[in-house]
Every structure is written in structure tokens, then in C-alpha cells.
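User: Could you take a close look at the salt bridges for me? I'd like to see how the charged side chains pair up.

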Amino acid sequence: MEEEIYSACLPAGLFVHRRAISSQRKTHPNTSHSRAGRRDQEMVDKKEEVDAYASAIIPDPEVTPDHETTPKNGIGMMFKAWYVLILHLLGCIGLSLAMFYGVHDYKALDGDSTPRSSNGRFTFRSSDITSLISAAIILLSVLVTIWCSTSLAQCAFAELEKSGMTIAQFSRMMAWPNIPRRKVRGMSGLVMIILLANFPQMYIAPLLEGSVNWAATFEEVGESAVESANPAANFNLWGWYGSKLQDRQGAVRRAAGMANLAWGTTNGSADTRDAQKRCRHVVNDNQLPLNSGLANVNMPCIVVHSITWPTGSVPEIVDAVADVSKLLSITDSTPFSYVNYPGNAVLFDQTNKTLKSPYSGNMSDDDLFRSESVYPTSFKFSGVMTAIVLLGKEYNDAPYLVDGFGYPQPNNTFSTATSGSQLHFTYLEINFTVGVTTAPSSTYISSQVVESNEDPKAEDIVAGPWVNEALYLLPDVMSMVAIMNTSSLDTWGNLFNYTENLIKYSYQGSWDMLQRNFDPNTTTLVARIAERRLRATVSFPRVYGWLFVNLLLTLSVFPLAWLTFKCDRSIIVDGPLSFLLTDPSNLLKDGKRHLTNLAFPSKDDNKVTMQLVHHGDGGFKLNVEQ
């Protein structure tokens, strides 16, 4: 039986030799012991030789040849190798959509003073948004790193298999910055396209991270009830205002303070050089944040239609009022007595019909308390009044001349008889409409001042209480505001805008002073509370550019797939492991064993050309290309 097994697998010569050995053992039983021992040893040696040969050519029933376990380039294998690219594509699209529809116009918390969660609503801080974007980019970068490693290995094996590579070329391709062979045709051209698509991926993060700009803004977070009247207002004091001179004098100073409170702030739409269009109003200090909204608030308002600077002779009434400005005062003051302040101005009615000079009304100096004060009637004015403005003053000594406006040849200029030609006046004709308006929406520009959100029109102005009384206060209040100049009105070369703003500021201060001191009538208004936010603005071109560069990586899969199917080597799933298990035995022959302990290739080593060869057993070896 043993002979049959061996005879099935041995060449004829070996089989005959074994049969000869058996015959000799049977036909010579009486040979000497030493000779039998030598023959037995020769038989053992021959048997080991036969066993080795049999093992080499008879396959083990439990072992499958390598080529039968080699993975095929099917759809499942491609998905396993390239699913990272699908995740990367979905991640890039998702992040871009998040930038467009989530981050853009998002109002994040400004600083850490406000909690993220308030009134059942969670709001990110600006630093949270930045951190989330950075985290998403890092995750995408990890996917890019995995994919670049896989595609790079696939390209390297393709080059080694189809055209071969020197050690220097292989080293340049595998090490940063992954320089491909300088060939633009065939397999090498495809490899160049793939590696060029890979190259920018690790360096485009700043393009997206820098696409978000932050600007200060506000966001409505709730509502609050606000009373229109001052809780300290007392209508009974209106009688004292009419009867006591010192009360009116104090009222002028308070009106100037109201004007400063409203216009001294740098917030809102005010410009100290341009004419102010919108109306303002002093309200109760409810400590509402800046940029909170207030709806349907009643406020004083003026619309100036035109300003004319007449030429020719000065009317006598204008000269008389400039000379004796006390005629216009309800506080027994002389506005133009403050002669060293160019810009000092008054407003009056030349017709003496709307604003009568001197004003008598109920202003008798009576010490009796008026327990039955009369509520003022509603009033509105639309027409022309005259403003007289002090342009400058001459001195006998230094500084000799103080000029506040810088007009070398004014349209009209005059001096009064009592001023001895030292005071330089001019006058303007102001066409305006004045009254009150109900602003549909206004904004807090300070905790006590609101400004209308729209420029008023003349038709929006209606009659209201305290309008006529405020106009009578204008000469005194205008002089006070001009001298205080806390609102920093520009005068130089700016006569028209200066005068218009001075009238508006003074009228607002006068009306607010009267309303807040004497009018107890109140209306409950609704304020929309606003909090400071940082509004994100996304640069769409930068996001589109970032997405385009990432899509190049996705598109590189098509040349990579074509390259993979053209190669005998199976698709690469694990690049480093594929390189590690590739057989380099043929490469290491002829004195090249030192390559197994290589730190850096020498010039001679770099000249060695490697070729990936497919062997019949299903494996691949690196050969030295001759």
C-alpha cells in the first residue's frame, strides 16, 4: 500500500529505485549486520526525499491557493474601499447647507454675560459657531486623509505595475507633497490628475473658516408695557408756570436739558452736520436695552420744507428784534446778550399773529396758586417764520474778529444800533410744519430716548397739546442750546443745516419738558425688548469656492476607477498593509539586502527601477526592471 501511494506521485526513476531496494531486502536475508544498517539508512534518506517532493506537488486539502482568495474589483469591494469618499461628499454638502441656511444671518450671543438658554430658547454664542465649524472641518480632514492614503496607494501600485518606478520616483510620490511622475499621457496622466485633486484638500480650511463675518446687531426677545406719561407729571404745576417768572426761567433750562438728553447721544441717525430728519422723544427710563422698539408713541415733530437766505435790505422788525431780543422772551431774558457766542439764534413770527410779541397770555406775575389751570388746546403750525443768527463779533483788541460760520460775503448781514457795529447778524426765512406725530415704530437710542424709524412727512404731523406753548419757548431755548452746544452742532459753512437742527432740537426739548412736567394723561405702549447680538454674515463665494475644491476630490474617483480596472492588482482598501505584504524578495537580490534597513536611499539606490509582477500563484512581487 505504501508503495502505491508513493508510486502515484514519484517519477519513474525514483519508483524503480524504491522497488530495487525492496527486492534486495527480500532476496538477501542473510547479509551481514553492517551492510543491512547502511542500506536501512539509505532507505530512510530516500524516503525523506520522496516525502518532500510529494509535499511540494500535492496540495493540502484545507489550504486554498492565493489566487482563489484574491478579492475581486466588484461593487461591494469598491464601496468598502471608497465609502470614505461618499461620507466626505455628504459632509461637504451638509456643511455648505448649514453655512447657507444655518449660520448666515444667525444672531449669536455677544460675550458670556447672557446665558445660552433663556425663556425656553437656546442661543449659541459666536464662539460656539466658530468651534462647530472648526470641528466639522477637522472631521472632514480626517476623511480626506483616509481617502488620500487609499488613492495614493492605488496610484502607486498602478504605476509600479504598468510602467515601473524608480525608488526616487516612488519616494517623491509617497512623501509630501506627493509629486507624481512628469507624464501627462496614459496611466501617469491619470495619476497626475488624481494627485492634483488630492493636493489642495488639506489647505483649504481657512477658506471656509474665514467666510463668516460678525457684526453687532440686536434681536427682539420679549415685550414690556411702557407708560407714555411721566409718573411725576403734575398738571396743577402748570398754573405756577404761568404765574411765576422763576418757574418759566427754570423751565427754559430744563427744556435745554431735554434737548441735550435727546440729541447729545451719538446713537441713532443724527449727524451734527447734516439736517436731522427724524423725530425724537424723551420717555420714561424703564431701563430697556438699546435698540428696543416702541410702537405708536406720540412725539413732537418738525418738517422743514425750505430755508431761504434773503438778499437786499433787512426788514425793520428783524433789526428791532435783533437789537432788543428781550421782546421775544417769556423769561424776561435777552437772548442776544450772550454776544461772544456765534451761532446764538432766535426764531420769531414777523406777522405777529401766530406768536405774538411780547407774549402776555396768562403770564401775569401773580403769586396765587392757580388751582384750576386750563389744559392747552391742540395746535399745529405750517408756514414761514424768521430766524436771526449771530454770525460773529468784532473786538477792538485781540482776537479782533470771531467768525463762527466762515462766509466771506453773506447774502445779508447787519449790525444793531446798540451793538456799535460789533455784532454781525443775518436772517433766514424758514418754511416748516410743526406739531405732533404718532410714530408707528420707534427705536430706543438710549434708555430714555426713542427715535422714529421713518422720516416724517408734513401730512403725518397733526395738532396736539403743548405745541403752541413750546413755540413760545423757542427764542429762550434756542439761545440756551446754542450756547451750551452739548449736541456739537457744526456751524462752519453750514448755516442752513445748523439753523434747522437748532430749531428742531429746541422745539423737541421744549415740548418734552412741558409734556413730561405737566401732562398726566398716559397711554400704555408696548415695547419690544432687544438684546445685543452678533449677526453672522457668510461670504457665499468663499463657501462655493471651498465646496468646488472638495468636489474635485469626489470627481477624482472616476479616473481612479478606470485606473483600478486596468490593473491586475486588486482594489486597495488598506494602503500601508498592501505595501507591507508585497513580496520584495526579487528586488533584494544581488547585494540589495541593505534596502531592508534603509533610512534614506543613495544615488545608486534611487536608480533602481521597480516593477510589480503578477505571479501565477495569485501574488505580486517587486522585480528589478532590466
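Is Arg532 buried, partly exposed or exposed?

Analyst: Happy to walk you through it, bearing in mind that this is a predicted model. Arg532 is partly exposed, because its relative accessible area is 47%, which falls between the cut-offs of 20% and 50%. Its side chain meets that of Asp110 in a salt bridge, at 3.6 Å from N to O. This pair links distant parts of the chain, 422 residues apart: Arg532 sits in strand S13 (residues 524–538), and Asp110 in the loop between strand S1 (107–109) and strand S2 (117–118). Asp110 is partly exposed too, with a relative accessible area of 29%.

For a buried pair, turn to Glu451 and Arg280, whose side chains form a salt bridge at 2.8 Å, N to O. Here strand S12 (residues 449–452) supplies Glu451 and strand S6 (residues 280–282) supplies Arg280, so distant parts of the chain, 171 residues apart, are linked. Glu451 is buried, at 5% relative accessible area, and Arg280 is buried as well, at 1%.

Lys621 and Asp583 also meet through their side chains, at 3.8 Å from N to O. Because Lys621 belongs to strand S15 (residues 620–624) and Asp583 to the loop between helix H17 (575–580) and helix H18 (603–606), this salt bridge ties together parts 38 residues apart in sequence. Both are partly exposed: Lys621 has a relative accessible area of 22%, and Asp583 one of 25%.

Finally, a network of salt bridges links Arg121, Glu219, Glu531 and Arg533. Across the structure there are 13 salt bridges.

Conventions
Residues numbered from 1 in each chain as written. Predicted model: local features only at pLDDT ≥ 70, side-chain atom pairs only at ≥ 80, totals over all residues. Heavy atoms only, no water. Salt bridge = Lys/Arg side-chain N within 4 Å of Asp/Glu carboxyl O. Helix = DSSP H or I, 4+ residues; strand = E, 2+ residues; numbered from the N terminus. Buried < 20%, exposed > 50% of the residue type's maximum accessible area, 1.4 Å probe, protein only.
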